[in-house]
Amino acid sequence: MHIADGIISPEVCAGMAVASAGAVGFSLRQLKKNETTKTIPLTGMMGALVFAGQMVNFPLVVAPVSGHLLGGVLASVILGPWAGCLVVTLVLVVQWALFADGGMVALGVNVFNMGVVGALGGYAVYAGLRRWMPSPRGTITSAIIAAWLSVLAASTMFCLEFALSGHRDYSLLNLFALMTTFHSLIGLGEALITGFVLSVVLDQRPDLVYGQPSLDIMETEPPRRSWQATPLRTAVIGLMVALAVAGFLAPFASGYSDGLEAVAEKMGFDAQVDADPQVLVLDEYQVPLGSEESWFMSKLSVSIAGIGGTLAVFAMALLLGRGLRPGAEAGHAT
């Protein structure tokens, strides 16, 4: 659901950028207050997993359309809403900066739809449902429902932004019908992935799920030296999984247009997309190897790009965490 430049008006993009900056800034302040020694490596791990997961488009059964993980609810349930919002934001920034996935002007819109609505809004739904279902099974059920609704909410938000952009030549009713139909199906994939990953985490390391005392209370004791028990081990394992997904699954992702692209093609507003987008590094998820006509080399180029992007998100999350740490320590000292 990455919006390219040219679809949403500059005025709406500016408004969404201000709203996104406010939400991300507030998330940073909240995370700075509650940062623990576990938060930094787990945030990097989750960012890597979400980036890699978003590279694997899965086809819809009923139409030649694909979808991919948004990951906002999954990140928020494990890390908390503030870190979840920042994880999605970091992923979107890397996707735009390295691969021109999503427009520069529309970056604020993408952050709002997927980071604010998807992560923060999705977590609000999850938290409300979890009050009624406090058991581990209820936690998974709440996350599944919230994940599905987060995809629908993000697609509905796009419809509103499109309408505010003054596109009077297109039927907003048809736009809403197509967007919600496609994304209700894409949301099923989001829900299944979220439920599966969360069930594994709850089975293996339930203490890592946000809401457990070990993640909510500032640690006063030195971390245990046992490699088996440290969050670093979990983060490294998660990073390895993310690299495997980016390196071995992403090259075989569905080639169908994603939900938004399919709607744009059906309704004809794909012509509104900026024909000369701002490209900082690459204009797609491929590293030029000089032999793009080769099947093997084309798959290899996607693998290299995916691995590079995954490592970039992981590194940015660690750097962000280190930037927050001094403030957290100062706050703890007082």
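**Figure 1. Overview of the predicted model.** Of the 334 residues of the protein chain, 51% count as buried. The model shown here is a predicted one. Helices number 11 in the protein chain, and strands number 2. Reading from the N terminus, the elements follow the order α-α-β-β-α-α-α-α-α-α-α-α-α, so please keep this order in mind as you move through the close-ups, because helices and strands are numbered from the N terminus.

**Figure 2. The largest pocket and its lining.** Here we look into the largest pocket, which holds about 1000 Å³ of space. Its lining is made of 39 residues. Nearest the centre of the pocket lie Asp101, Asp258, Glu261, Glu284 and Tyr285. Three helices, α2 (39-55), α4 (81-99) and α10 (259-267), each contribute at least two residues to the lining of this pocket. The largest share comes from α10, with 4 residues.

**Figure 3. The largest cavity.** The model has 2 cavities of 30 Å³ or more. The largest cavity, the one in this view, encloses about 80 Å³ of space. Around this cavity you will find Met1, Ser66, Gly67, His68, Leu70, Val151, His183, Ile186, Asp258 and Gly259. Two elements, β2 (66-67) and α7 (172-204), give two or more residues to that lining. Asp258 may look familiar: this residue lines the largest cavity and is also among the residues nearest the centre of the largest pocket.

**Figure 4. A nonpolar patch on the surface.** Phe252, Leu289, Trp295, Phe296, Leu300 and Ile304 make a nonpolar surface patch of about 610 Å². One of these residues, Phe296, sits in helix α11 (residues 295-333). Phe296 has a relative accessible area of 53% and therefore counts as exposed, since the cut-off for exposed is over 50%.

**Figure 5. Gly306 of helix α11 beside Tyr285.** Staying with helix α11, this view centres on Gly306, which belongs to that helix. With a relative accessible area of 0%, Gly306 is buried. The C-alpha atoms of Gly306 and Tyr285 are 7.0 Å apart, although 21 residues separate the two along the chain. Tyr285 also appears in the pocket view, as one of the residues nearest the centre of the largest pocket.

**Figure 6. Ala143 of helix α6 and its partner in space, Leu74.** Ala143 is part of helix α6 (residues 136-164). Its relative accessible area is 0%, so Ala143 is buried. Leu74 is 69 residues away along the chain, yet the C-alpha atoms of Leu74 and Ala143 are separated by 7.4 Å.

**Figure 7. Ser199 of helix α7 and Arg137.** Ser199 is located in helix α7. How accessible is Ser199? At a relative accessible area of 26%, Ser199 is partly exposed. Between Ser199 and Arg137 there are 8.5 Å in space, C-alpha to C-alpha, and the two are 62 residues apart in sequence.

**Figure 8. The salt bridge between Arg205 and Asp207.** The count of salt bridges in the model is 1. In this view, the side chains of Arg205 and Asp207 meet, with an N to O distance of 3.0 Å. Asp207 is partly exposed, at a relative accessible area of 24%.

**Figure 9. A loop residue with positive phi, Ala100.** What is the phi of Ala100? The angle is near 55°, a positive value in a residue other than glycine. Most residues other than glycine have a negative phi. Ala100 lies in the loop between α4 and α5 (107-132). With 22% relative accessibility, Ala100 counts as partly exposed, because buried means under 20%.

**Figure 10. Two buried cysteines, Cys13 and Cys85.** For this last close-up we turn to cysteines. Cys13 is buried, with a relative accessible area of 3%. Cys85 is buried too, at 0%. How many disulfides does the model contain? The count comes to 0 disulfides. As a reminder, a disulfide is a covalent bond between the sulfur atoms of two cysteines.

Methods:
Residues numbered from 1 in each chain as written. Predicted model: local features only at pLDDT ≥ 70, side-chain atom pairs only at ≥ 80, totals over all residues. Heavy atoms only, no water. Patch = residues over 30% accessible without salt bridge, like charges linked within 9 Å, V, L, I, M, F, W, Y side chains within 5 Å. Areas by Shrake-Rupley, 256 points an atom, 1.4 Å probe, with all protein chains shown as cover. Salt bridge = Lys/Arg side-chain N within 4 Å of Asp/Glu carboxyl O. Buried < 20%, exposed > 50% of the residue type's maximum accessible area, 1.4 Å probe, protein only. Disulfide = S-S within 2.5 Å. 1 Å grid on protein atoms, 1.4 Å probe; cavity = no way out; pocket = protein on both sides within 12 Å on 5 of 7 lines; lining within 4 Å. Points joined across faces, edges and corners; volume = space filled by probe spheres on them.
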